[in-house]
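Thanks for making the time, everyone. Please have the sequence and the model open while I talk, and stop me if a term is unclear.

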Amino acid sequence: MKLKDLLYKAQSDLTPRYGEGEAKWMVRTIIEHIKGWNQVEVLLRRDEEVSDFIVGKVEGVVGKLLDNEPMQYILGDTYWYGMTLKVSPAVLIPRPETEELVDMIVKDNKASDLKVMDICTGSGCIAIALAKNLAFSTVNAIDISDDALSVAQENAVEQKVSVNFHKADALKLESESGKYDIIVSNPPYVLEKEKAVMDANVLNYEPHLALFVPDNEPLKFYKPISEYAFESLKENGKLYLEINPLAVDELLELLKSQNWNEVDVYPDIYKKNRFIKAIK
């Protein structure tokens with residue numbers, strides 16, 4: 001089979017499920033990951049014969065995509081905040097919205113030697129991005145999942161940054177009086193009732209432990225995290241949170257009741273209130 005025929009078949013198989021534009025992107029991504037060829041190289045090689053092994057690899061990926069498995073899990077990595085990060089079903093796939101959270105923190109904090117804590121680190125994406133982009137920072141990060149911490153550690157090594165990863169339960173944190181300049185968290189916040197409108201690729205493959213909270217406990221993680229942060233931040237230290245837009249008002253009330261000096265809400269790129277910053 002010629003390369004052009006293989007790619008045409010893959011795109012034709014994927015288009016009814018994902019649409020033409022996304023199918024084209026998927027096919028380009030598949031062949032680049034399997035063969036390392038960019039678009040120019042693909043055009044130059046389109047009339048070359050490809051081995052049965054490559055045909056099988058491409059068809060295998062397409063089959064998994066048609067079963068709704070996320071591309072990032074199939075290929076084992078994702079591109080996020082200028083980095084290629086390893087992902088597995090043990091961790092959430094980092095979202096574009098969370099890039100905005102990191103950007104906010106980096107732009108807000110120009111001082112050097114800052115001490116940072118990332119709670120519910122998952123793949124380590126936030127902690128690693130901050131370690132790369134905050135000058136001479138010391139970054140600690142915690143998660144309850146051993147498998148997630150293993151992925152995070154691999155990502156830190158690959159990105160050549162030092163992050164101190166530890167296993168800990170975000171619901172049972174012991175305060176570290178006045179230790180940190182910045183505490184950030186993107187904890188589980190999707191309500192159980194939202195499952196009804198979620199895509200199968202998220203619902204069937206991404207870790208529910210890192211996604212969902214009970215409908216009657218939208219702030220299950222935010223209350224203990226904010227209490228820990230209030231004790232563990234230095235004076236004028238900053239708490240940054242990613243939050244479900246459905247729970248923003250409730251979280252604002254909680255933070256104000258805890259006597260944070262300043263509490264502000266910020267929208268994401270989709271104009272949904274997604275981030276909260278509080279100053280001690």
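The second largest pocket holds about 700 Å³ of space, a volume being the space filled by probe spheres set on grid points that are joined across faces, edges and corners. A pocket here is, on a 1 Å grid over the protein atoms alone, an open set of points where a 1.4 Å probe fits, with protein on both sides within 12 Å along at least five of seven lines, and lining residues have an atom within 4 Å of a point. Of the 25 lining residues, those closest to the centre are Lys 24, Trp 25, Val 27, Arg 28 and Thr 29. Helix α2 (20–35) is among the elements giving two or more residues to this lining, and α2 gives the most, with 8 residues.

I should say that this is a predicted model, where local features need pLDDT of at least 70, side-chain atom pairs count only at pLDDT 80 or more, and totals for chains, interfaces and linings use all residues. Residues are numbered from 1 along each chain as its sequence is written, and side-chain values use heavy atoms, leaving out hydrogens and water.

Turning to strand β3 (residues 115–119), 4 of its 5 residues are buried, meaning under 20% relative accessible area with a 1.4 Å probe and protein chains only, so β3 is largely enclosed by the rest of the structure. Helices (H or I, at least four residues) and strands (E, at least two) are DSSP runs, numbered from the N terminus, and two strands pair if DSSP finds at least two bridges between them. Strand β3 runs parallel to β4 (residues 138–143), joined by 5 bridges, with Asp 118 opposite Ala 141, and also parallel to β6 (residues 180–185), through 4 bridges.

Notes: Buried means under 20% relative accessible area, exposed over 50%, partly exposed in between (1.4 Å probe, protein chains only).
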